[in-house]
Amino acid sequence: MFSNRRYVIGAIAVGIIVVYLIRLFTLQLLSDDYRKSADSNAFRRDVLYPSRGLILDRNDSLLVYNEPSYNILVTMNDQVGIDTVDFCESVGISREEYEAKCEQIKSQKGYSRFKPQLFMTQIPQEKFLLIREKLFRFRGFEVEKRTQRRYATGLAAHILGDVGEVSEKDIEEAEDGYYKSGDYIGKLGVERSYEKQLRGEKGLRILLRDVRGRVMGHYRDGEYDKAPVPGKNLTLSIDMKLQALAERLLEGKLGAIVAIEPSTGEILCMASGPTYDPRTMIGRERGEVHKQLTQDPMKPLLNRAIMGMYPPGSTFKITQALTGLQEGIITPETSFPCAHGFNYKGLHLGCHGHGSPIPLVPAIGTSCNAYFCWTLNNMLSNRKKYHSQDEAMTKWKDYMVSMGYGYRLGVDLPGEKRGMIPNADYYNDHLKRWGPLSVISISIGQGEVTATPLQICNLAATVANRGYYIVPHVVHSIQDGALDTIYTQKHYTMVERKWYEVAAAGMRRAVTGGTCHGAAIPGYDVCGKTGTAQNRGHDHSAFMGFAPMEEPRIAVAVYIENGGFGATFGVPIGRLIMEQYLNGHLSSGSEAQASSLQSRHINYGGYER
């Protein structure tokens with residue numbers, strides 16, 4: 001019995017020794033945990049932050065730049081025993097805020113009381129100069145120099161965006177592990193979509209520490225230090241004088257104005273109303289300002305130019321003309337009757353008075369509803385060309401998609417919406433039984449069809465180019481870099497150039513003797529198309545156009561919510577935008593008109609903006 005117990009005890013002892021030997025082998029040869037711990041005590045690794053790239057407009061005017069700002073760091077093990085009352089008074093916080101901040105730091109993932117932790121962020125230089133005089137008194141606290149974004153004007157907030165502190169989601173989603181708590185990241189606009197180019201590359205400084213944690217100097221005289229690399233500068237395609245006019249004309253209105261250079265796809269201006277001042281979205285106050293903007297019922301943070309999904313109204317008739325021509329449903333000489341609207345099998349869809357029957361070019365010029373209803377009806381009903389209604393509807397949808405509708409265009413700004421182009425499956429699911437007359441309103445840009453102002457402007461640019469577009473974009477060039485190739489490639493639609501010549505002629509007729517006569521600019525052959533989009537309330541006012549007719553330099557779209565007829569707001573605003581860009585200034589008469597439009601505010605359910 002005693003002999004058996006001796007063997008058991010011996011086996012246990014041997015087992016314990018073997019476990020210890022395995023653990024020692026693992027720690028010393030296979031694991032680097034202790035080495036890392038030793039390194040952590042011996043070395044201090046300071047991140048050196050790069051300055052973000054500058055942002056300029058197409059004329060090299062500085063729009064966004066950097067100014068020094070400062071963070072205060074604290075090493076919790078060292079700050080014990082300081083005069084907290086004096087410290088709080090020096091940095092301008094309460095004792096409660098101080099204690100709450102300390103608790104927050106301790107609860108953070110990866111917290112170490114021996115390492116500097118972020119205590120206060122984005123202290124502007126003028127305030128920091130006052131704090132610096134006293135900071136030496138408070139052991140454990142130190143300063144980290146950073147930069148803060150500054151915006152030269154109060155314009156183009158939706159384009160430029162802003163910068164804020166990273167969230168946990170930002171940190172987790174960063175594939176390259178670039179961010180850590182306390183870093184800054186672009187939140188909106190080009191600050192977000194070009195974050196990787198703008199942010200630069202972090203640097204590193206490795207310092208030696210003694211057993212008490214005191215810094216003794218650079219490790220190996222800085223041999224392994226790395227200087228930060230500044231971010232790349234961006235030059236935008238935006239013309240800030242044009243942008244200023246667009247934002248001015250949107251005062252007191254909900255809507256959007258977009259202008260594109262057709263030959264390049266570069267966005268010349270993009271304004272959304274209401275807007276906000278980007279200069280308020282900086283520093284420690286950013287969170288409170290963002291909260292107020294989020295709660296505003298007029299949604300100033302919403303970039304309606306790319307996020308607003310509206311019925312395109314009569315601007316959409318151009319797509320119907322082009323589709324009908326290419327498919328052989330109509331020719332330029334085809335005429336349809338219009339007895340104050342489309343009348344067929346008991347259905348009446350109204351139209352204003354004009355000559356009848358009417359061929360295509362005058363139909364575009366007068367914006368005849370009946371003409372385009374007949375065109376769609378004849379396409380969806382054609383069993384000689386299409387085996388089924390579903391096949392005809394699918395073909396129609398394909399044309400719309402080729403012209404930039406129904407999907408995101410791919411603009412280099414975050415948040416773009418796709419709009420809505422229905423197809424046969426949609427109607428089979430939602431209407432069960434349907435026919436051409438069930439969906440006839442889509443032929444005039446109503447019903448289920450929705451589009452963003454950017455898509456409408458892109459259609460104008462496509463007609464200006466006679467059949468192709470380049471994906472609209474707001475960045476003209478990147479310092480020492482190249483744009484994505486999607487912003488240089490031509491996208492041809494399913495329609496031949498010769499039919500675009502007919503569409504352009506119709507849009508020219510609209511200006512010379514039709515619904516867009518108010519868009520005429522002396523010295524230029526302007527082409528345009530009005531849109532009055534029906535709405536549950538007051539109709540929306542829309543316009544799209546381009547100029548000159550040959551070798552166009554600008555395409556524009558205007559969309560004013562509840563603005564009434566297209567000629568009320570859309571046409572005059574569109575004309576002013578084109579005149580400003582083509583001439584570089586407004587005439588005295590046009591300036592008076594701009595002031596008048598600026599002062600005309602629309603009441604939106606009690607909110608007059």
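How many nonpolar, polar and charged residues does the lining of the second largest cavity have? This is a predicted model, so local features need pLDDT of at least 70 and side-chain atom pairs 80 or more, while totals for chains, interfaces and linings use all residues. Residues are numbered from 1 along each chain as its sequence is written, and side-chain values use heavy atoms, with hydrogens and water left out.

**View 1. The second largest cavity has a volume of about 30 Å³ (the space filled by probe spheres set on grid points joined across faces, edges and corners).** A cavity here is a set of points on a 1 Å grid over the protein atoms alone where a 1.4 Å probe fits but cannot get out, and lining residues have an atom within 4 Å of a point. Gln320, Thr323, Gly324, Thr375, Leu376, Met379 and Trp396 line this one. Sorted by class, that's three nonpolar, four polar and no charged residues; Leu, Met and Trp count as nonpolar, and Gly as polar.

**View 2. The largest cavity has a volume of about 250 Å³.** Of its 20 lining residues, the closest to the centre are Arg52, Arg146, Thr147, Val163 and Tyr184. The lining splits into nine nonpolar, five polar and six charged residues, with Arg among the charged kinds.

**View 3. Ser314 counts as buried (under 20% relative accessible area, 1.4 Å probe, protein chains only), because its relative accessibility is 10%.** Its side chain makes a polar contact with the side chain of Ser367, at 3.3 Å. For such a contact within protein, N or O atoms lie within 3.5 Å, one able to donate a hydrogen and the other to accept it; residues adjacent in sequence count only if both atoms are side-chain atoms.

Definitions and conventions: Buried means under 20% relative accessible area, exposed over 50%, partly exposed in between (1.4 Å probe, protein chains only). On a 1 Å grid over the protein atoms alone, a cavity is a set of points where a 1.4 Å probe fits but cannot get out, and a pocket is an open set with protein on both sides within 12 Å along at least five of seven lines; lining residues have an atom within 4 Å of a point.
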